[in-house]
Each structure stands twice: as structure tokens, then as C-alpha cells.
Amino acid sequence: MNLIILIAYGHLALQSVFAFQQHRINNLPVRTSRQSSLRLSTDDDVQKLLEKARKLREEAATMSGKTLQEVEDEANQQKLAQERIVEKARKEREQSSGSRSSMQILPVPDDAKAQNEQAAAAVERAFKDGITRQTVRFALIGEDEAMSGELNEFPGGAKQMYRECGRPLTEALLRELRITPKTNGSSDDKEQITSASTPPTVTAEDIWDFDGSAIISTNDVQALVFPNTDMKYLKDIEAIDKKVGPDGLFLVVNPFWRNVESWGFNILAPNGKKRAQEVIFDKGYQVTYAVLRFSVRGEDCVAVKSYPYDWQMYAYREDPSWFNQQVPIWLGKSKEEPTSSQFTELLNSRPEFKMSKNMRQMQRMMGNDDQ
């Protein structure tokens, strides 16, 4: 174990030196006598780091019974193998570029801002195609959180979910949308999308504080956030549906149901399932945008839906170029919302995920290739 740590430290020191040298070259200042003396001092520091890295590599080679060249060759081979994984993912992403109509692979949004931009584009495309009742399912991440981060536990329940994620994400989406409903029965689709640069004014009205539910709206869009299977929300949906009219846009954001079977049997509302079918599912409320995060086979997986494209399936893998960073690897696509079994089958077929996440971590700690 000491040998492994020593080798890793030596490589880290060497990478730090190279990064520092590159930074120095890229940011080379105007030549002055004072700056020249500072550079001489910096050169001394660089040489000291290089010498320290060289000694560490020599010591590691001696302890392993190998030559210095053999140790460096093994390290370079491992780095190249890891870089090939990242390059493969990038090529898959590049192959998906092209016209919107022919796009096959959608990228995973990196953060909340990217997610909102992607969602706004999907909602606008669907609205332009005449879909005025839509469902949006955000990945519940905060403004400063990465999509590849740990799933939030939300110990404060729905109230915390709404306060930290639901409301900020929905308000940002409505500010991003540039939608104007048709007027006087006009059939001109171009009237529906405006390029106005000024974001619309967004208002929020809480429904039930303990449910974290609310109606968030602009002059042209209504959004119901975090509704659940309580009968009250069916009444709210009916009321909003009537208010916006057939040509207005009404979004249901992160509802707590998956389908009509979520209602089940309730002795206090024996007709709940039937009412849900009539009020929601017979009216459409198609999922036009969704980012679902979950774990399959110990891997962090993501499914992305953006109208009118198929569901895209990804799994995160460690990025060898950056410490504690992950990159999404595209696995495939699905017409319907993908299941865990679909992800498992795709993961098992990919060489990048031949080993489990824990096994890959152990292999890297031992200085071996994690393929």
C-alpha cells in the first residue's frame, strides 16, 4: 500500500509541475526586469518540484523492483487507457450533433441552468406542435449543484423540496419560456413563440404549505408544482384547465403520481381513480421534459426525455482527467420511459462497466487499469 501511495504521489507531483509550467506559458507577462527576476525565482521552484518528482519515481521503481522507465511506461499506459474512455464518450456526443430533426443523442444537462434551458426548448417545441397540457419532471437539484452529484435526501420533506428546488426551477423555467397563446382563433403557429428579450413576470401562490405545492404563473403560462393524489388537486387542475382555455399552456411540474394506478383505492374517495383518468390522463399531460436520476447495479444513471426525441439513457463513469469528477456515458435510447432492467442489460454489455464501481476504485488504488 505504501508503494501505491508513493507512486500516486509522484505522478500527482509531476502533473502539478506540468500544469504549473503550462499556466506560466499561457499567462506569460510583458518582459520587465522585475518580472524577469520573479520568473527566475519561479523557475527555481519548478526545478525543485521536478527533482522531487524524479526522486519519488526512482524510489517507487526501486521498491517495486522495476526500472524507472518501466514505472513511467506503466503509468502512461494506464493514463492513455482512461483517456480513451472519456474520448469515446465525447465522440458519441459529437456524432449526435447536427440538425434538430435528426438529433439522436441529447446531452445530460450539467446543472440547474442547463436543465432549465433544455426544458424550455422542449416545452416550446411541444407547444408549437399544439400540446398545451404538459408534464415536466425536473431532477431536483439546487442552483449550485451538479447533475452528477449525490441525490438529495430532503429531510425536511416536500416543504424543503419546494423551497430549495421545486420553486426555483419552475420560476426559472417560466422566465426562460417565450410563449404567447394564439389570439382570436388564429392558426398562425409563429404567433405562439416570441423572441422577446425581457423575461416575463413570475408569481407564486402556495396551495398547501405542508405539501410544498403551489401555482406558479406568468401572464401566459400556468404551472402546478408538486401536486399529489389528494382529490383537492384534481379540482385545482380542473379549475386551472378552464382558466387557461384550450390554447393556453398549463404545466404540471413533478407530480407525485406516475400513472392512473397511483390513485389505487381510497375509501374516502372511491371514484378517485376514475376522476383522475378523466381530469388528467384523458386530457393528455404528456411528459415533454424529464430528467430522472437513480442507481442501477451500483452505478449512477440518468434518463433524459426532451420532446420530441426518445428517452436517452446514460450512466456516469469516473473521469481520469479530473479528481472526483464523473462523465456521462451514453448507453442507448428508449421509446418509453426506461426501466431498471433496460439499464442493467445495457450496463452489462458495455466494457466501461465490466467492473463494478467499487472494483474500479480498488483497481485505481492499486495502480492498475480499471477496464
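Two strands pair if DSSP finds at least two bridges between them. The exercises below apply this and a few other cut-offs to a predicted model.

**Exercise 1. Strand β8 and its partners**

Task: Establish which strands pair with β8, and in which sense.

Solution:
- Step 1. Take β7 and β8: they are joined by 4 bridges in the antiparallel sense, and the pairing rule asks for at least two.
- Step 2. Look at the connection. Between β7 and β8 there are 4 residues, and the two strands form a hairpin. Within this pair, Val 302 is found opposite Tyr 314 of β8.
- Step 3. Turn to β9 (residues 326-334), which pairs with β8 over 8 bridges, again in the antiparallel sense. Here Gln 312 is opposite Lys 333 of β9.

**Exercise 2. The two faces of β8**

Task: Sort the residues of β8 by the way they point, and decide whether they are buried or exposed.

Solution:
- Step 1. Recall that side chains in a regular strand alternate between the two faces of the sheet.
- Step 2. Assign the sides: Trp 311, Met 313, Ala 315 and Arg 317 point one way, while Gln 312, Tyr 314, Tyr 316 and Glu 318 point the other way.
- Step 3. Check burial. In β8, 8 of the 8 residues are buried, so the strand is largely enclosed by the rest of the structure.

**Exercise 3. The nonpolar cores**

Task: Find which element gives the most residues to the largest nonpolar core, and which residues Leu 177 contacts.

Solution:
- Step 1. The largest nonpolar core holds 42 residues, and Leu 173, Leu 174, Leu 177, Leu 249 and Leu 251 have the most contacts inside it.
- Step 2. Elements that each supply at least two residues include α4 (112-128), α5 (157-176), β5 (249-253) and β8 (311-318). Of the contributors, α4 gives the most, with 7 residues.
- Step 3. With neighbours within four places in sequence left aside, the contacts of Leu 177 are Ala 120, Val 123, Glu 124, Pro 200, Val 221, Leu 249 and Leu 251.
- Step 4. Keep the second core apart: this separate set has 16 residues, among them Ile 215, Ile 237, Phe 250 and Ala 276.

**Exercise 4. Buried and exposed salt bridges**

Task: Describe the salt bridges Arg 133–Asp 241 and Glu 261–Lys 273 by distance, position and burial.

Solution:
- Step 1. Side chains of opposite charge can pair when their charged atoms come close. The cut-off used is 4 Å, and by this rule there are 12 salt bridges.
- Step 2. Arg 133 and Asp 241 meet at 2.7 Å, N to O. Arg 133 belongs to strand β1 (residues 133-137) and Asp 241 to helix α6 (residues 231-244), so this pair links distant parts of the chain, 108 residues apart.- Step 3. Buried means under 20% relative accessible area. Arg 133, at 7%, is therefore buried, and Asp 241, at 18%, is buried as well. Both residues also belong to a salt-bridge network with Lys 283.
- Step 4. In the other pair, the closest N and O atoms of Glu 261 and Lys 273 are 2.9 Å apart. Glu 261 lies in the loop between β5 and α7 and Lys 273 in helix α7, so the bridge ties together parts 12 residues apart in sequence.
- Step 5. Glu 261 has a relative accessible area of 52% and is exposed; Lys 273, with 32%, is partly exposed.

**Exercise 5. A nonpolar surface patch**

Task: Identify which residues make the nonpolar surface patch of about 460 Å².

Solution:
- Step 1. The patch consists of Phe 265, Ile 267 and Leu 268.
- Step 2. Phe 265 is located in the loop between β5 and α7 (272-281).
- Step 3. Exposed means over 50% relative accessible area; Phe 265 has 68%, so this residue counts as exposed.

Note on methods. Residues numbered from 1 in each chain as written. Predicted model: local features only at pLDDT ≥ 70, side-chain atom pairs only at ≥ 80, totals over all residues. Heavy atoms only, no water. Core = buried A, V, L, I, M, F, W, Y, C linked by side-chain atoms within 4.5 Å. Buried < 20%, exposed > 50% of the residue type's maximum accessible area, 1.4 Å probe, protein only. Contact = heavy atoms within 4.5 Å. Patch = residues over 30% accessible without salt bridge, like charges linked within 9 Å, V, L, I, M, F, W, Y side chains within 5 Å. Areas by Shrake-Rupley, 256 points an atom, 1.4 Å probe, with all protein chains shown as cover. Salt bridge = Lys/Arg side-chain N within 4 Å of Asp/Glu carboxyl O.
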